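Q: I am new to this structure and would like to learn how to read its features. Could you guide me through them?

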Amino acid sequence: MKGLTIDVGNTAIKLARFENGNIKSFSREESSDIINQIEDKLTDDLDYVALCSVKQSVIDLVKQKLPQVTIVDHNDYDDMIDMYLGNPPVKGSFAELGSDIAIGCYGALADGYKDVIVVDSGTATTVTAVVDKTIEAVYIYPGFRLSKMSLFGGAEALDGDYGLKIKTGRASNTEACIDLAVYHGTNGAVKEIISQIETMYEREFKVFITGGDTSDFYIDAYRREDKLVNIGLDSYMRKRLK
């Protein structure tokens, strides 16, 4: 079975081609002309094309322009959890999770784990705890770039680039001071959240770090998987089409 999965974030689009569950190609591009970026990748040999996005405007546009693309969104949440996680889904506010969070957890469990923590580092840094294959807790924290942008307030000197330029050493200017604080502050907050989760549930978790800013985490012992949402989309679609 051949498929194309598309993960559209606020700043980047990730496209992966799969064949029988194995990634054959992967690309990460800036989100610019979404329709053309997707249309260029569509080929006649694909059994499915699946997309998820945090941006409703993208979902609406793809539905209008590319009806052959399957949108995996909030409406698929219960189906996804029931089919893959096995336990009844957590109700209440978790039913309104962003599809990227739910599918990231779905992908993290593909290796057979039942207790996982997924750290998704993008515009927001989200930490999601899956306990006995059930989503139990979600923490949402400002992302590295959003934190930096909020302090700089769009200063012209940055030219719109809010990536962290310095992560260690001594700060020599205001931007470096902010970089160091955002870098260590976000890492410290995520480490504390993970510690709290493991204490609360009295067990160790397999931790996955995914998203566009995975390189800004210094915790090398964790598994980094930038393609986690794409893996979840492929796994979900293959099970759905059986």
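**Reading pockets, sheets and a helix contact**

A: Let us begin with a pocket in this predicted model. The second largest pocket has a lining of 15 residues, and Gly-21, Gly-107, Ala-110, Asp-111 and Ile-231 are those nearest its centre. β3, α4 and α7 are the elements that give two or more residues to this lining.

Q: Which element gives the largest share of the lining of the second largest pocket?

A: That element is α7, with five residues. By class, the lining of the second largest pocket comprises seven nonpolar, four polar and four charged residues.

Q: What volume does the second largest pocket have, and how is such empty space found?

A: The general idea is that a probe the size of a water molecule is rolled over the atoms, which shows where empty space is left. In this structure, the second largest pocket has a volume of about 160 Å³.

Q: How much space lies in the largest pocket, and which residues lie nearest its centre?

A: The largest pocket holds about 880 Å³ of space. Its lining has 37 residues, with Gly-9, Asn-10, Thr-11, Gly-122 and Thr-123 nearest the centre. At least two lining residues come from each of β1 (2-8), β2 (12-19), β3 (22-30), α2 (56-65), α4, β6 (116-121), β7 (124-131) and α5 (144-152). The lining of the largest pocket divides into 10 nonpolar, 16 polar and 11 charged residues.

Q: How many cavities of 30 Å³ or more are there, and which residues line the largest cavity?

A: A cavity differs from a pocket in that the probe fits inside but cannot get out. The count is one cavity of 30 Å³ or more, and the largest cavity contains about 30 Å³ of space. Its lining is made up of Asp-100, Ile-101, Gly-104, Val-118, Asp-120, Thr-126, Thr-128, Thr-210 and Val-229. At least two of these residues come from each of α4, β6 and β7, and α4 supplies the largest share, three residues. By class, the lining of the largest cavity has three nonpolar, four polar and two charged residues.

Q: At what angle do helices α4 and α7 pack, and which residues meet there?

A: Helix α4 (residues 99-108) packs against helix α7 (residues 228-241) at an angle of about 80°, and the axes are 7 Å apart. The angle therefore makes α4 roughly perpendicular to α7. On the α4 side, the contact involves Asp-100, Ile-103, Gly-104, Tyr-106, Gly-107 and Ala-108. These meet Leu-228, Val-229, Ile-231, Gly-232, Leu-233, Ser-235, Tyr-236 and Lys-239 in α7. The residues of this contact comprise eight nonpolar, four polar and two charged.

Q: In what order do the strands of the sheet with β1 stand, and why do its edge strands have one side without a neighbour?

A: As a general idea, strands of a sheet pair through backbone hydrogen bonds, either parallel or antiparallel. Here, five strands in the order β3-β2-β1-β4-β5 form an open sheet with mixed pairing. β3 and β5 (70-71) stand at the edges and have a single partner strand each, so one side of each lacks a neighbour in the sheet. The pairing of β2 with β3 is antiparallel and runs over eight bridges. Within that pair, Ala-12 has Glu-30 in β3 as its bridge partner. The hairpin of β2 and β3 has two residues between the strands, and Asn-20 takes a positive phi near 50° there.

Q: What is the order of the strands in the sheet with β8, and how many bridges join β9 to β10?

A: This open sheet of five strands follows the order β8-β7-β6-β9-β10, and its pairing is mixed. β8 (134-142) and β10 (223-224) are at the edges with a single partner strand each, so one side of each has no neighbour in the sheet. Strand β9 (residues 206-210) runs parallel to β10, joined by two bridges. Phe-208 stands opposite Arg-223 in β10.

Technical notes. Residues are numbered from 1 along each chain as its sequence is written. This is a predicted model: local features need pLDDT of at least 70, side-chain atom pairs count only at pLDDT 80 or more; totals for chains, interfaces and linings use all residues. Side-chain values use heavy atoms; hydrogens and water are left out. Axes are lines fitted to C-alpha atoms, for helices over the stretch in contact, and angles run from 0 to 180 degrees between N-to-C directions. Helices (H or I, at least four residues) and strands (E, at least two) are DSSP runs, numbered from the N terminus. Angles under 35 degrees count as roughly parallel, over 145 as roughly antiparallel, 65 to 115 as roughly perpendicular and the rest as oblique. Contact means heavy atoms within 4.5 Å. Ala, Val, Leu, Ile, Met, Phe, Trp, Tyr, Cys and Pro count as nonpolar, Asp, Glu, Lys and Arg as charged, and the others, Gly among them, as polar. On a 1 Å grid over the protein atoms alone, a cavity is a set of points where a 1.4 Å probe fits but cannot get out, and a pocket is an open set with protein on both sides within 12 Å along at least five of seven lines; lining residues have an atom within 4 Å of a point. Grid points are joined across faces, edges and corners, and a volume is the space filled by probe spheres set on the points. Two strands pair if DSSP finds at least two bridges between them.
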